[in-house]
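Okay, thanks everyone for coming. Let me put the structure up, and then I'll walk you through a few spots I like.

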Amino acid sequence: MEASVNFTQSAKIRSLVFTSLGHFTNDFNILLFSILITYYHSDFGISLAVLGAVAIIYSIISGLLSTPIGRYADKTQRYRFLLLSGFLILGISVYLFALSFVSASLALPVMIVASILFGFGQAFYHPLGSSVLNLTYGNSSASALGINGAFGSIGRSALPVILVPLIILVGEKYALIILGSYMIIAGIIIYSGLSFIREHEIPAISRSASSSRNRETLSRYSGVLAIIVAMVFIRSMFLTGTTTYISQFVLDRVRSETMMSIILTVSFLTAVAGQPYFGRLTQKHGGKFTIGLTTGLSTLFFIFFMFAGTDPVLNTITYALYVFTAFSGFPVLMGYVNQIVPREISTTAGGMVWGIGNTVGGGIGIAIISILLYVHTTLIDAMWIMTIFGAVSLILFPLIPNKRSAARMK
């Protein structure tokens, strides 16, 4: 499909509605394994070290696969088919998680297979959803990405309050079967809802020529993308590493599970407003400006949070400000990528930035903080060490291009 296609306002709204459903559904899964860890540990006695290693593995699988999936999408433009494929794989992986709760002998091996598939399924949405909105909205896609990202934040916040009561009501196995069925149904709805995108696989001869052009274009932008990926990688090490252990960190401070849950719920809900706000800022002032602003402020607010002590109000205010600025990656990063690279490589570039930078970087961040804790570093010292990575990522900020300098490369 050519970049010059003009979509009606109705088509733009449909693309936003159905990709937002996709973001909600995809991010609805993000905390799934974190919740299941408690049940694998209590029901089957699987060690937290083994479960933590599995979490790192599926994060890295997801990150590494985003780029080849994005490259295939750029060559074939089969966005709907690939979105459907991602949600079908997620549904199957959740069915396997359900199977792992049938017996103790099945738990570990089936859980590992399910996690690998889970990482595969998680690799699809972010570069594809971004590309669909870039296709339909063009230069105004950053604001649409912000609204879309807000639904991802809602999905991330909704899973615990839906899944845990469902497990209490019907048990782990049947709760996961319901969740897996939802994944598949949502994928079919999204595929149908985006039917106005007339996608056909590009013929082999044309695909070969397209692939050659894409390689040349990607090569031209490889240096710029390498810097962006490196900055996002280091930033995500800080963000994901600290977030993984934030529940325990806050609990150690306030000594109340109820207060801890209130602090985290209030804080994470601020991202619902933060994503549209920073999406509009990205569109208005450019992605480079917004990346610098959100990275700098989130690091600063996290430092304030580290000094908040045991006061629950200060903990809530400072961590909420951190989440508001830090959890804006989808509209800011994907909006920035759409601004600086041609559309024919936007899905590949988005897969590199989100997959390798954000997801693999996050997995390495989890590994580093886990190693620090394994060698008996205190949690508070480990959090301070991870904060350094947030500050270090800012060193690369002056090297990334703004919209004007990137336009001269096109």
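So, a starter for the room: does Phe 268 count as buried or exposed? Keep in mind that this is a predicted model. The relative accessibility of Phe 268 is 16%, and the cut-off for buried is under 20%, so Phe 268 counts as buried.

Now, what does that ring pair with? Searching the whole structure turns up 26 aromatic pairs. In one of them, the ring centres of Phe 268 and Tyr 319 are 6.0 Å apart with the planes at 75°, so we call that pair edge-to-face. Phe 268 is in α12 and Tyr 319 is in α14, 51 residues apart, so to speak of distant parts of the chain is fair here. Tyr 319 is buried too, at a relative accessible area of 0%.

There's another pair between those helices: Phe 278 in α12 and Phe 324 in α14, 46 residues apart. Phe 278 is buried at 2%, while Phe 324 counts as partly exposed at 23%.

Back to Phe 268 and Tyr 319: both belong to one aromatic cluster, whose members also include Phe 238, Phe 249 and Phe 302.

Okay, over to α17. Its buried residues include Leu 379, Met 383, Met 386 and Ser 393. Looking down the axis, the buried residues fall within an arc of 145°, so they line one face of the helix. What do they pack against? That would be α10, α11, α13 and α16.

Last stop, Asn 29, in the loop between α1 and α2. Asn 29 has 0% relative accessibility, so it counts as buried. Its contacts include Leu 90, Phe 118 and Met 183.

Key
Residues are numbered from 1 along each chain as its sequence is written. This is a predicted model: local features need pLDDT of at least 70, side-chain atom pairs count only at pLDDT 80 or more; totals for chains, interfaces and linings use all residues. Side-chain values use heavy atoms; hydrogens and water are left out. Buried means under 20% relative accessible area, exposed over 50%, partly exposed in between (1.4 Å probe, protein chains only). Helices (H or I, at least four residues) and strands (E, at least two) are DSSP runs, numbered from the N terminus. The arc is that of the directions from the helix axis to the C-beta atoms. Contact means heavy atoms within 4.5 Å. Rings of Phe, Tyr and Trp (its six-membered ring) pair if their centres lie within 6.5 Å; planes under 30 degrees apart count as stacked, over 60 as edge-to-face and the rest as tilted. Lists of a residue's contacts leave out its neighbours within four places in sequence.
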